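Trainee: I should be grateful for a close look at a single part of this model, the interface between its two chains. Please take me through it in one connected account.

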There are 2 protein chains.
Amino acid sequence: MFKHNEQQPEGFQISLKEALDNLAFNDAGLVAAIAQQHDSGEVLMMAWMNREAIEETLATGRVCYFSRSRGKLWRKGESSGQVQTLKELRIDCDGDALLVKVDQTGSACHTGRRDCFYWKADANNVTIDKAPIKDPKELYGK
Amino acid sequence: MFKHNEQQPEGFQISLKEALDNLAFNDAGLVAAIAQQHDSGEVLMMAWMNREAIEETLATGRVCYFSRSRGKLWRKGESSGQVQTLKELRIDCDGDALLVKVDQTGSACHTGRRDCFYWKADANNVTIDKAPIKDPKELYGK
């Protein structure tokens, strides 16, 4: 469906149900979701969503992922308070990735850093170049 | 390894080999790679890299993915001319996603659009809201 309609013009519309019926979920029923801070453009994290997480995110405006480690819906910030408010949700050309523009409260990363991409690689080494903005003990140690 | 060192300070460094040895490649030997235009912050596309693609990208400065459909290395732009020059490659906290900051020539998307995320979703509908900037026939019809 996404492939079939890729040459449609701006304004071409399908129902959310049709889109979700045609997403390229992987064997675990998930698609990758990239969270981006809506105004600064920072890429905050990558996580996964199942159909239910996408539906809940769009219905509530609070971003909900599917936690692969816990095997259940993960309402971002439910433990840490570091919630993501939905600004925009986009689907890519082949329907296997989502771009979720959010307003991130505090830190997106469980380490207390603003974003998860704090290891910078070059041809020889990989170096941490970001520091926490929150104490992770305060985020999860309540 | 990534988890073990997540509380290390800025400047903490490991070798590229150690990082690659510890990436959380999936069953197909791949990690997700998010391509972002380095200056504007646009998220252009999501694709996949295997170890060899990461090594080649860092060694050459030209972004190389692994094509799941073709089952081989995919030097972005090799058919279309729409290459990505590497500006920065980052690894996330759990070592299963990469953020690749690039300078994108022309269109990242095979449809001729600047980026792949041209379907915008809301609670009821999903709508195309971006037009091609290149004619895909010109990109691939040579």
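**The interface between chain B and chain A**

Mentor: In this predicted model, chain B and chain A bury about 4800 Å² between them, and carbon and sulfur atoms give 58% of that area. The size of an interface is often given in this way, as the accessible area lost when the parts come together. Three residues, B:Arg90, B:Phe117 and B:Trp119, supply 15% of the area that chain B buries against chain A, more than any other three residues.

Counted by residues, 53 of chain B are in contact with 53 of chain A. Of the interface residues of chain B, 100% are also interface residues in chain A, so the copies meet through the same surface. The arrangement of the two chains can be described by one operation: a rotation of 180°, with 0.0 Å of shift along its axis, superposes chain B on chain A with an RMSD of 0.0 Å. The two copies are thus related as by a two-fold rotation axis. Within chain B, the residue that comes closest to this axis is B:Gly41, whose C-alpha lies at 2.5 Å.

Next come the polar features of the interface. Between chain B and chain A there are 30 residue pairs in polar contact, counting pairs with both residues at pLDDT 80 or more. The count of salt bridges between chain B and chain A is six, whereas the structure holds 24 over all chains. One salt bridge across the interface joins B:Asp129 to A:Arg90, with the closest N and O atoms 2.7 Å apart.

The elements that supply the side of chain B touching chain A are spread along the chain's numbering. Each of the following gives at least two residues to that side: strand 1 (13-15), helix 1 (16-22), strand 2 (31-37), strand 3 (43-49), strand 6 (84-91), strand 7 (97-104), strand 8 (119-121) and strand 9 (125-128). Sorted by class, the side of chain B that touches chain A has 28 nonpolar, twelve polar and 13 charged residues.

Backbone pairing also crosses from one chain to the other. Strand 6 of chain A, residues 84-91, pairs with strand 8 of chain B in the antiparallel sense over three bridges. In this pairing, A:Arg90 stands opposite B:Lys120 of strand 8 of chain B. A:Arg90 therefore has two roles at the interface, as the salt-bridge partner of B:Asp129 and as the residue opposite B:Lys120.

For context, chain A has three helices and nine strands, which run from the N terminus in the order β-α-β-β-α-β-β-β-β-β-β-α. Its C-alpha trace spans about 45 × 40 × 30 Å along the principal axes. Within chain A, a salt bridge links A:Asp21 and A:Arg51, with the closest N and O atoms 2.7 Å apart. A:Asp21 lies in helix 1 (residues 16-22) and A:Arg51 in helix 2 (residues 51-60), so the pair ties together parts that are 30 residues apart in sequence.

Technical notes
Residues are numbered from 1 along each chain as its sequence is written. Chains are lettered from A and ligands numbered from 1 in the order in which they are written. This is a predicted model: local features need pLDDT of at least 70, side-chain atom pairs count only at pLDDT 80 or more; totals for chains, interfaces and linings use all residues. Side-chain values use heavy atoms; hydrogens and water are left out. Copies are superposed by least squares on the C-alpha atoms of residues with pLDDT of at least 70 in both. Contact means heavy atoms within 4.5 Å. Buried area is the accessible area (1.4 Å probe) that two parts lose on being put together, summed over both. A salt bridge is a side-chain nitrogen of Lys or Arg within 4 Å of a carboxyl oxygen of Asp or Glu. A polar contact is a pair of N or O atoms within 3.5 Å; within protein, one must be able to donate a hydrogen and the other to accept it, and residues adjacent in sequence count only if both atoms are side-chain atoms. Helices (H or I, at least four residues) and strands (E, at least two) are DSSP runs, numbered from the N terminus. Ala, Val, Leu, Ile, Met, Phe, Trp, Tyr, Cys and Pro count as nonpolar, Asp, Glu, Lys and Arg as charged, and the others, Gly among them, as polar. Two strands pair if DSSP finds at least two bridges between them.
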